[in-house]
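Q: I am new to this structure and would like a close look at one part of it: the enclosed spaces inside. Could you walk me through them and then show me what else is worth finding nearby in the model?

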Amino acid sequence: MENPVPHPSAFIKKEDTTILRAAAPEAESMGLLRPEQLKVIYRQNWFKLLVPEIYSGRQITLPELVRLQEAISWTDGSTGWVVTLCSGAGWFGGFLSPKIAEQVFNDPKTCLAGSGAVGGTADITPGGYIINGSWKYASGIHHATHITANCAIKENGQPVLDDNGEPLILPFIFDKQDVKIVPAWKYVGMVATGSDAFEIKDLEVTADRQFKIDPSAVVVDQPLYRYPFLQLAEATLAVNISGIAIHFMDLCKEIFDEKIIKPRLTTEQKVFLIDELARCKTTINLLRKDFFEAVDQSWEALQNANTITDDRLKMVSTTSRKLAQQAREIVDDLYPLCGLTAASTVTETNRAWRDLHTASQHALLTFAE
């Protein structure tokens, strides 16, 4: 069956793939992306994929974004994850005050990392807020120039409530120097993301360090910043997982090709390996087709009608989750057929397997609905 969608390699330069993959083993050993990997990211301006053009960002369209991010994750899981999370934080540039945004994004190496968890408090003062808290995970924090974090707003020690009577939660942006990084990333995969924790203690910030992610709070009035954050996050995380899965399948082909030329396997076993890999490729490519169509249609609706119906948004959510979950299941179907190569922690195949199973634990993609 002809592939209904292009392979991720169509959306990334071959030389960039070579550089990123060559450095991946050392990056995993060090627990951080290597300078040569960061050099590619800065050259391509990937940390600023979603930063507004007026602040030196690329401000690319969502259809372009998901295809590129899948390609980067296909190249290397940790690099793809850091680019996705940090460029996703760059999207907040559409909601920051112009004064703060100009300060934040004036560096060609600007990188935003942070946490979506409510790990801290922001006590209102006459001039702004006092911040205290700790946050568990922040992918790319070691490369970041600025940190974003959600805080519960308080006044005189008491929670401030929103219009629905719930505790008011708002995001803030901080300078890297005002944040203490705490080693905490001890997981089997995505090792090179350096997704460590961070703390803030008694930090006084001005009111313009706080922003709000809401259509009514958009500062840069462009379609990209009117796209709902939930579906943006779901879609970009899903392609990280599909990209890694396709990389795993590419590596499986190499392993299977070696197995097939050996006399130890029966003809039936050889045919099974070929057919199983073909089945998995067909399955994931059909899911990718549905996913990309859902994302493209939602983007076109926003461009043409300035709004996206709930049905279209639900389709983006549904196809994102299906793609992520099926990608994991496909990899697990193929894993036992790869032999000890897939179980050796020093192989690229094993790294892809570990990266996928770590990335797929993200809470946004846990459930089908």
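A: Here is a walk through the cavities, followed by the open pocket, some aromatic rings, a few strands and some single residues. Please keep in mind that this is a predicted model.

Let us begin with the enclosed spaces. The structure holds two cavities of 30 Å³ or more. In the largest cavity there is about 60 Å³ of space. Its lining is made up of R21, A24, T75, D76, G77, I244, H247, E348, R351, A352 and D355. Three helices, α1 (14–30), α7 (229–260) and α10 (348–359), each supply at least two of these lining residues. Helix α10 gives the most, with four residues. Sorted by class, the lining of the largest cavity has five charged, three polar and three nonpolar residues.

The second largest cavity has a volume of about 40 Å³. Around it you will find A24, A27, E28, Q37, D76, S78, A192, R351 and D355. A24, D76, R351 and D355 are among the residues that line the largest cavity, and A24, D76, R351 and D355 are also among those that line the second largest. Helices α1 and α10 each supply at least two residues here. This time the largest share, three residues, comes from α1. The classes in this lining are four charged, three nonpolar and two polar residues.

R21 deserves a second look. Besides being one of the residues that line the largest cavity, R21 lies over the face of W74, at 4.3 Å from the ring centre.

Next comes a space that is open. The largest pocket has a volume of about 1,400 Å³. It is lined by 46 residues, and L85, S115, G116, A117 and H362 are the ones that lie nearest its centre. Several elements each supply at least two residues to this lining: the helices α4 (77–90), α6 (223–226) and α7, and the strands β1 (112–125), β3 (146–155) and β5 (169–175). By class, the pocket lining divides into 30 nonpolar, 13 polar and three charged residues. Helix α7 is thus a good element to follow by eye, because you meet α7 in the lining of the largest cavity and again in the lining of the largest pocket.

While you are following α7, look for M249, which lies in this helix. M249 is buried, with a relative accessible area of 2%. If you want a sense of distance, the C-alpha atoms of M249 and I147 are separated by 35 Å, and the two residues are 102 apart along the chain.

Now for the aromatic rings. A search of the whole structure finds 17 aromatic pairs. In one of them, the ring centres of W91 and F95 are 4.9 Å apart and the planes meet at 55°, so this pair is tilted. Both partners are buried: W91 has 1% relative accessibility, and F95 has a relative accessible area of 5%. W91 and F95 also belong to one aromatic cluster, together with F92, F211, Y225 and F229.

The strands offer another landmark. Strand β7 (residues 197–206) pairs with strand β2 (residues 128–135) in the antiparallel sense over seven bridges. To find this pairing, look for G128, which stands opposite T206 in β7. Strand β7 also pairs with β6 (residues 180–182), again in the antiparallel sense, over three bridges. There, K180 has E199 of β7 as its bridge partner.

Finally, here are three single residues to visit. R67 sits in helix α3 (residues 62–75) and counts as buried, at 18% relative accessibility. R67 and F11 are 56 residues apart in sequence, while their C-alpha atoms are 6.7 Å apart in space.

The other two stand out by their backbone. Most residues other than glycine have a negative phi. Q59 is not a glycine, yet has a positive phi of about 45°. Q59 lies in the loop between α2 (35–44) and α3, and is buried with a relative accessible area of 18%. N306 likewise has a positive phi, near 65°, in a residue other than glycine. N306 is placed in the loop between α8 (267–305) and α9 (310–334). Its relative accessible area is 48%, so N306 is partly exposed.

Technical notes:
Residues are numbered from 1 along each chain as its sequence is written. This is a predicted model: local features need pLDDT of at least 70, side-chain atom pairs count only at pLDDT 80 or more; totals for chains, interfaces and linings use all residues. Side-chain values use heavy atoms; hydrogens and water are left out. Rings of Phe, Tyr and Trp (its six-membered ring) pair if their centres lie within 6.5 Å; planes under 30 degrees apart count as stacked, over 60 as edge-to-face and the rest as tilted. Buried means under 20% relative accessible area, exposed over 50%, partly exposed in between (1.4 Å probe, protein chains only). A charge sits over a ring if NZ of Lys or CZ of Arg is within 6 Å of the ring centre and within 35 degrees of the ring normal. Two strands pair if DSSP finds at least two bridges between them. On a 1 Å grid over the protein atoms alone, a cavity is a set of points where a 1.4 Å probe fits but cannot get out, and a pocket is an open set with protein on both sides within 12 Å along at least five of seven lines; lining residues have an atom within 4 Å of a point. Grid points are joined across faces, edges and corners, and a volume is the space filled by probe spheres set on the points. Ala, Val, Leu, Ile, Met, Phe, Trp, Tyr, Cys and Pro count as nonpolar, Asp, Glu, Lys and Arg as charged, and the others, Gly among them, as polar.
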